[in-house]
Amino acid sequence: MNPLNRLQDLTRPTGEEELLDVAYPTPRLHLTLRHAAFAALAVMLLAAGIVVLNSGGAESAGSAETELPVVGAAVPVAAEEDGGELVISVVGAVAQPGLAILAPGARVDDALHHAQPLPEADLRALNLAQRLSDGQQLVVPAVGEAAPEPEAASGGGGGGVSLNSASVTELTTLPGVGPATAAAIVAHREATGGFGSVEQLLEVKGIGPAKFESLRESVTL
């Protein structure tokens, strides 16, 4: 057979070509404009939520930092409990004798800065760390003069023991006052900045009305 005729026979349509067509399935997923809008809105809401959570955490951390207690300078106890000024009388070997108005909790050294002791003043005879009380008189002796008794220096109205300047040993000379009670008097004096009245002895632990009556005439400010 002629090769050309053989080629024509092989390429002649047989009617079975349609059976060889493959029908591919149509995809069922169809994204509409509405679906795309919902998806975009969801993404925006998720991003906004993340931003809010992060900013809330930062604000909480900032609040925690601002709420931390700040450690500052301690306020003197005397200044807290006694808001009034102290009026002190300074006499003796000073350049400016007279009244000195001092802050609560002031000490003898503060009064001397105001009164300006003279060169002949004997400052070693004074307790510069002693707390002052309102109405107290401070006598500054000259060198060679006898130092004033504690009760005289504190401006007391009699010859009793000064509640504002007496030591524990001196307080134990009072009737019915032992070392423990004397120490309690000194502790109360230091905590309050000094006695403003004799009646404040009733605030001292261990001193009741009966003991106070036995001490009233023996103490001064």
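I began with a cut-off: a residue counts as buried under 20% relative accessible area, exposed over 50%, and partly exposed in between. The model I am reading is a predicted one.

**Entry 1, a residue in a loop.** I looked up Q116 and put the cut-off to work. Q116 is partly exposed because its relative accessible area is 40%. The residue sits in the loop that runs between α4 and β3. I then checked its backbone. Most residues other than glycine have a negative phi. Q116 is not a glycine, yet its phi is positive, at about 60°. I marked this one in my margin.

**Entry 2, the strands.** Next I asked myself how β1 and β2 pair, parallel or antiparallel. Strand β1 covers residues 86–92, strand β2 covers residues 98–102, and the two run antiparallel with 5 bridges between them. A hairpin of 5 residues links β1 to β2. Looking across this pair, I found L99 of β2 opposite S89.

I then turned to β3, residues 137–140, which pairs with β1 over 4 bridges, here in the parallel sense. For V90 I noted L138 in β3 as the bridge partner.

**Entry 3, the core.** Which residues touch the most other members of the largest nonpolar core? I found V90, L102, L132, L138 and V140, out of 18 residues in that core. Two or more residues each come from β1, β2, β3 and α4, the last spanning 108–115. The biggest share is from α4, which supplies 4 residues. I was pleased to meet V90 and L138 again here, having just seen them as bridge partners.

**Entry 4, a patch on the surface.** I moved on to the outside of the model. F38, L41 and L45 make a nonpolar surface patch of about 320 Å². I picked L41 for a closer look and placed it in helix α2, which spans residues 33–66. L41 has a relative accessible area of 44%, so it is partly exposed.

**Entry 5, the record.** Last, I opened the UniProt entry, which is unreviewed. It places the feature "domain: Helix-hairpin-helix DNA-binding motif class" at residues 169–188 and 199–218. I compared these spans with the model. Residues 169–188 are 65% helix and 0% strand, and their end C-alpha atoms lie 16 Å apart. Residues 199–218 are 35% helix and 0% strand, with the end C-alpha atoms 13 Å apart. I left the label as the record gives it and closed the notebook there.

Notes:
Residues are numbered from 1 along each chain as its sequence is written. This is a predicted model: local features need pLDDT of at least 70, side-chain atom pairs count only at pLDDT 80 or more; totals for chains, interfaces and linings use all residues. Side-chain values use heavy atoms; hydrogens and water are left out. Patches are made of residues with over 30% relative accessible area and no salt bridge: like charges are joined within 9 Å, nonpolar side chains (Val, Leu, Ile, Met, Phe, Trp, Tyr) within 5 Å. Accessible areas come from the Shrake-Rupley method with a 1.4 Å probe; for residues, only the protein chains shown count as cover. A salt bridge is a side-chain nitrogen of Lys or Arg within 4 Å of a carboxyl oxygen of Asp or Glu. Buried means under 20% relative accessible area, exposed over 50%, partly exposed in between (1.4 Å probe, protein chains only). UniProt positions are given in the numbering used here, feature names are shortened, and annotations may be inferred rather than shown by experiment. Two strands pair if DSSP finds at least two bridges between them. A nonpolar core is a set of buried Ala, Val, Leu, Ile, Met, Phe, Trp, Tyr and Cys residues joined through side-chain atoms within 4.5 Å.
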